[in-house]
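Let's take a walk along this chain together and see how its strands line up. Keep the 3D view open and follow along as we go.

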Amino acid sequence: MQTKNMIAVEVICHHCHTKTTGWKDADGVTKMQCKKCGTVTVSKPMSRRHVQIDVYMPKKAMLAVNN
Ligand SMILES: [Zn+2]
């Protein structure tokens with residue numbers, strides 16, 4: 001991942017809730033990969049009140065949802 005012109009931000013993994021470092025670019029898009037479980041999270045601001053968060057869990061991970 002290129003980190004040129006990016007700002008380091010503290011983020012929490014959506015899968016295992018471990019605190020880790022993400023990288024925010026000039027457009028406000030934040031990308032992070034969890035050091036503990038390997039989950040990749042991409043957060044994009046869509047409008048002033050809407051942020052889209054995509055969570056890509058590792059292959060062996062199970063969703064923590066019961067339905
Ligand atoms: Zn994690």
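Before we start, one bit of vocabulary: a strand here is a DSSP run of E with at least two residues, and strands are numbered from the N terminus. Two of them count as a pair if DSSP finds at least two bridges between them. Also bear in mind that this is a predicted model.

Now find S1, residues 7–12, and S2, residues 19–24. These two strands pair in the antiparallel sense, over six bridges. Want to see some partners facing each other? Glu10 has Thr21 in S2 as its bridge partner, and Val11 stands opposite Thr20 in S2. To get from S1 to S2, the chain makes a hairpin with six residues between the strands. Look in that turn for His17, which has a positive phi of about 65°.

Keep going and a hairpin comes up again, this one formed by S2 and S3 with five residues between them. Its turn holds Gly28, with a positive phi of about 90°. S3 covers residues 30–33 and pairs with S2 in the antiparallel sense over three bridges. Here, Gly22 has Met32 in S3 as its bridge partner.

Time to zoom out. How are the strands ordered in the sheet? The order is S1-S2-S3-S4-S5, in an open sheet of five strands with antiparallel pairing. S1 and S5 (50–56) stand at the edges with a single partner strand each, so each has one side without a neighbour in the sheet. From one strand to the next, the twist averages 25°.

Terms used
Residues are numbered from 1 along each chain as its sequence is written. This is a predicted model: local features need pLDDT of at least 70, side-chain atom pairs count only at pLDDT 80 or more; totals for chains, interfaces and linings use all residues. Helices (H or I, at least four residues) and strands (E, at least two) are DSSP runs, numbered from the N terminus. Axes are lines fitted to C-alpha atoms, for helices over the stretch in contact, and angles run from 0 to 180 degrees between N-to-C directions.
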